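Please open the model in your viewer and keep a selection tool at hand. The tour below proceeds stop by stop, stating what to select and what is found there.

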Amino acid sequence: MNLARNLSSVKSFVRLSSKIAIEEMSREMNGSVVAPVAGTAIIKSSDNKAIRQAANLLESGKVIALPTDTVYGLACSANDPKAIQRLYAIKGREERKPVAICVAEFDDLRHWGQADHLPNELLEQLLPGPVTIVVRKSVHLDNPFLNPGVEKIGIRIPDFDFIRDVSRAFRYPVALTSANRSSEQSTLNVREFEKLWPMLGAVFDGGQLGLREEQRAASTVIDLSQVGQYKVIREGVAVEHTVRVVEQFGFKSVV
């Protein structure tokens, strides 16, 4: 009984601490989001040093912007409590709304998430690609500020060399959400989130990511945490292909 009460108290403290930190950061940053300030580094993702620069910034706890295979994203170290709080503050996002992580390889997905029930053959038909697979967190993903109170995690392996190379160089999971304020449309070029530049460690510019508005729908999010079952959380850009693949492997839809 005492253990249960203690665990409940810890969870309540984490939620309260995260909420207070995010509100404080949002107040501090409220006056600086109108226009970019001198000193925000805008770096071409094709630059020879860009991958190492991005990994270094993640290691130092910074939030960066970078291109993915769908839209531009905001990224930070998933296991850094302060970086996660800053990510939520920049996004203006409710801390109970989960963010996903990005990794480079299937082995990483299985290390940071519980995915032993997902065969490689299934994963190979979905990833790398514009799909976020939701599974239960593994014990290695232990940041209490990363989706507090939520036992699952969305994991992405984007079909985009730059972000995968950054993930390899960083060697740890990268928390990832779209590069826009919460409730605003996702972005396909860096100028579309220019007001966020002052709050970022750097912006890695991969050019225009697409011309079709449909691409702003971002990745398809599918919950595969239960053996043999799936639930589409967000349709995104690849829902038809994703559903077709998981059903070929015997997964059944649940409401």
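Begin by selecting Cys-102, which counts as buried at 0% relative accessibility. Here, buried means under 20% relative accessible area, exposed means over 50%, and partly exposed lies in between, with a 1.4 Å probe and protein chains only. Next select Cys-76, which is likewise buried, with a relative accessible area of 0%. How many disulfides does a search of the whole structure find? The search finds 0, a disulfide being a pair of cysteine sulfur atoms within 2.5 Å.

A word on the basis of these statements is in order. This is a predicted model, in which local features need pLDDT of at least 70 and side-chain atom pairs count only at pLDDT 80 or more, whereas totals for chains, interfaces and linings use all residues. Residues are numbered from 1 along each chain as its sequence is written, and side-chain values use heavy atoms, with hydrogens and water left out.

**The whole chain**

Now display the entire protein chain, whose secondary structure comes to 7 helices and 12 strands. These elements are DSSP runs, numbered from the N terminus: helices are H or I with at least four residues, and strands are E with at least two. Of the 255 residues in the protein chain, 50% are buried. The accessible surface comes to about 12600 Å², and carbon and sulfur atoms account for 50% of that area; accessible areas come from the Shrake-Rupley method with a 1.4 Å probe, and for residues only the protein chains shown count as cover. Among contacts between residues at least 6 apart in sequence, 66% join residues at least 24 apart, where contact means heavy atoms within 4.5 Å.

**Helix 6**

Select residues 161-170, which form helix 6. Because 7 of its 10 residues are buried, helix 6 is largely enclosed by the rest of the structure. Which residues of helix 6 are buried? They are Phe-162, Ile-163, Arg-164, Val-166, Ser-167, Ala-169 and Phe-170. To see what covers them, add helix 2 (50-59), strand 2 (64-67), strand 3 (72-77), strand 4 (100-102), strand 8 (174-178) and strand 9 (202-205), which are included in that cover. Just after helix 6, select Arg-171, whose phi is positive, near 75 degrees.

**Salt bridges**

A search of the whole structure finds 12 salt bridges, each defined as a side-chain nitrogen of Lys or Arg within 4 Å of a carboxyl oxygen of Asp or Glu.

Remain on helix 6 and show the side chains of Arg-168 and Asp-165, which meet in a salt bridge of 2.7 Å, N to O. Both residues lie in helix 6, 3 residues apart, about one turn of the helix. Arg-168 is partly exposed, with a relative accessible area of 38%, and Asp-165 is also partly exposed, at 28%.

Proceed to Glu-184 and Lys-195, whose side chains form a salt bridge of 2.7 Å, N to O. Both lie in the loop between strand 8 and strand 9, so the pair ties together parts that are 11 residues apart in sequence. Glu-184 is partly exposed, with a relative accessible area of 38%, and Lys-195 is partly exposed, at 32%. For a wider group, select Glu-105, Arg-164, Asp-165 and Arg-168, which are joined into one network by salt bridges that share partners.

Now turn to Glu-151, found in the loop between strand 6 (131-137) and strand 7 (152-156). Leaving aside neighbours within four places in sequence, Glu-151 is in contact with Val-135, Arg-136 and Lys-137. The C-alpha atoms of Glu-151 and Arg-136 are separated by 5.8 Å, and their side chains meet in a salt bridge of 2.2 Å, N to O. Arg-136 lies in strand 6, so this pair ties together parts that are 15 residues apart in sequence. Arg-136 is partly exposed, with a relative accessible area of 23%.

**Strands 10 to 12**

For the final stop, select strand 10 (residues 220-223) and strand 11 (residues 229-234), which run antiparallel and are joined by 3 bridges. Two strands pair if DSSP finds at least two bridges between them. Within this pairing, Val-232 in strand 11 is the bridge partner of Ile-222. The two strands form a hairpin with 5 residues between them, and Gly-228 in the turn has a positive phi of about 75 degrees.

Finally, add strand 12 (residues 252-253), which pairs with strand 11 in the parallel sense over 2 bridges. Lys-252 in strand 12 is the bridge partner of Gln-229. The chain passes from strand 11 through helix 7 (residues 239-248) to strand 12 in a right-handed β-α-β crossover; right-handed means that, with the strands pointing away from the viewer, the path from the first strand over the helix to the second runs clockwise.
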